[in-house]
Amino acid sequence: MKAIVLDRTLPQGISIQNVTLGPLGDHDVRIEVAAAALNHRDEWCRQGKYANLKDGVVLGSDGSGIVVEAGKSVDHSWIGKEVIINPALHWGDNQRAQSPDFRILGMPDHGTLAEFIQVPGDRIYSKPDHLSLVEAAALPLAGLTAYRALFYQGELKQGQNVLITGIGGGVAQFALQFALAQKATVYVSSSSQDKLAAATALGAKGGFIYSEPTWVEEAKSLTGGFDLVIDSAMGNTFGNLLDVIKPGGKLVFFGATLGNPSEMNVRKIFWNQLTLKGTTMGSDRDFEEMLDFVSHHKIMPVIDHVFNFDQTITAFDRMRRGAQLGKLVLGIMQ
Ligand SMILES: NC(=O)c1ccc[n+]([C@@H]2O[C@H](COP(=O)([O-])OP(=O)(O)OC[C@H]3O[C@@H](n4cnc5c(N)ncnc54)[C@H](OP(=O)(O)O)[C@@H]3O)[C@@H](O)[C@H]2O)c1
């Protein structure tokens, strides 16, 4: 089968190769992949900036498709069904944190950027009815991360003021839509006026250009501060984020695109009674709740562009430049 494989011997870091999957395990299903979506993790792998990389592994955590074969111990009524895949493997039973065996589909296990994938039968869920297979492929990793960040870690309530930074990002887009569905008052930040305008059109109350030094004062005077800030850029934007959180508020973060902050004003944190919470993807319970929430509110993933298999490097390059607004999807099934 055709697949997008990590190959760090090449300047572009990936290539389309012919890959043979092993025999199907008793607890596994084989899925013909209809569509797959990129996450920044795939780009970090391509750049060699992810732990325990192995060349030859098929990348991709997000996918949808049709079950074509089921192992002996899996319910065979799944065969022929349209499904999406939960890319969180072995979270375990603890809702508060993942087990030491936790892994993410697409490294070191073969991922979704391929014509077929084999995953444990308990990783598949019926595709939400209101989404096409292409739309559903955009949902799993980013939707799960956004859901846990906002609701389990952020405990977001109706009417609260939220800031979601870097709104062009895939997770950020879901966070915006989920927070609006919860009837929160949502502000966003971005490098681009066009992306702020698109977020406002979706329902955000306002936005700030994070590269402008005045954005912190602007945000404070316009909103009075935020009950909750959701961020994945971190680096030295951390100090700014502490400045815009209301006393008693929370910062929930799931990434460090800009690296670690060079300093931390601990006095500001304790004096203002701030809570800092790290979060990462989510448990099976979070995934099921996220799917119910998306179906109940008929949330439509914001898709930047659908590429075909042969355009995969163009899609990765678009993510590297941060040019996208929402998810980059690969249509795979012809
Ligand atoms: N821990 C987890 O489970 C988990 C899950 C998903 C993602 N992540 C991490 O979270 C980050 C985002 O992932 P993604 O897949 O959503 O990425 P993405 O779709 O590539 O989005 C990245 C976005 O980051 C924003 N950004 C860049 N510099 C920024 C800054 N100085 N301040 C605020 N925002 C900034 C940009 O927003 P604009 O375009 O609006 O400027 C860009 O669109 C990555 O580091 C990823 O590895 C972690």
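## The nonpolar core

The largest nonpolar core in this predicted model takes in 97 residues. If you want to know who sits in the thick of it, the residues with the most contacts inside the core are Ala137, Val162, Ile164, Ala175, Leu176 and Ala179. The core isn't confined to one domain either: at least three of its residues come from domain 1 (2-139 + 301-331), and at least three come from domain 2 (144-278).

Ala175 is a handy place to start looking. Setting aside neighbours within four places in sequence, Ala175 is in contact with Ala146, Ala149, Leu150, Ile164 and Ile230. Ile164 turns up again here, being listed with Ala175 among the residues with the most contacts inside the core.

## Overall build

Zooming out, the protein chain has 10 helices and 17 strands. Its C-alpha atoms fill a box of roughly 60 × 40 × 40 Å along the principal axes. A compact globule of 334 residues would have a radius of gyration near 20 Å, and the chain has 20 Å, so the two agree.

As for burial, 46% of the 334 residues count as buried. Contacts across long stretches of sequence are well represented: take the contacts with a separation of 6 or more, and 69% of them are between residues 24 or more positions apart.

## Two domains and where they touch

The domain assignment splits the chain into domain 1 (2-139 + 301-331) and domain 2 (144-278). Over C-alpha atoms, the centres of these two domains are 28 Å apart.

How many residues of each domain are involved where domain 1 and domain 2 are in contact? Eight from domain 1 meet seven from domain 2. On the domain 1 side, the touching residues break down into three nonpolar, four polar and one charged.

## Around the ligand

The shell around the ligand holds 31 residues, with Gly166, Gly168, Gly169, Ser190 and Gly255 coming nearest. Two or more shell residues come from each of helix 1 (40-46), helix 3 (140-153), helix 4 (170-181) and strand 11 (185-190).

By class, this shell has 11 nonpolar, 18 polar and two charged residues. Like the core, the shell draws on both domains, with at least three residues from domain 1 (2-139 + 301-331) and at least three from domain 2 (144-278).

## A closer look at Glu32

Glu32 is in strand 3 (residues 28-37). Is Glu32 buried, exposed or partly exposed? There are 16 other C-beta atoms within 10 Å, so Glu32 comes out as partly exposed.

Leaving out residues up to four places away in sequence, Glu32 touches Gly65, Ile66, Val68, Glu115, Phe116 and Met333. Ile117 is 85 residues away from Glu32 along the chain, yet their C-alpha atoms are separated by 6.8 Å.

## A closer look at Ile209

Ile209 lies in strand 12 (residues 206-209). With 15 C-beta neighbours inside 10 Å, Ile209 counts as partly exposed.

Which residues is Ile209 in contact with, once neighbours within four places in sequence are left aside? They are Ser190, Ser191, Gln193 and Trp215. Ser190 is a link back to the ligand, being one of the shell residues that come nearest. Ala315 is another matter: the C-alpha atoms of Ile209 and Ala315 are separated by 25 Å, with their positions 106 residues apart along the chain.

Note on methods
Residues are numbered from 1 along each chain as its sequence is written. This is a predicted model: local features need pLDDT of at least 70, side-chain atom pairs count only at pLDDT 80 or more; totals for chains, interfaces and linings use all residues. A nonpolar core is a set of buried Ala, Val, Leu, Ile, Met, Phe, Trp, Tyr and Cys residues joined through C-beta atoms within 7 Å. A residue is buried if 20 or more other C-beta atoms lie within 10 Å of its own, exposed if 12 or fewer, and partly exposed in between; C-beta atoms are placed from the backbone. Domain bounds come from an automatic or database domain assignment. Two residues are in contact if their C-beta atoms, placed from the backbone, lie within 7 Å. Ala, Val, Leu, Ile, Met, Phe, Trp, Tyr, Cys and Pro count as nonpolar, Asp, Glu, Lys and Arg as charged, and the others, Gly among them, as polar. Helices (H or I, at least four residues) and strands (E, at least two) are DSSP runs, numbered from the N terminus. The radius of gyration is taken over C-alpha atoms; the globule rule is 2.2 Å times the number of residues to the power 0.38. A residue is near a molecule or strand if its C-beta atom, placed from the backbone, lies within 6 Å of it.
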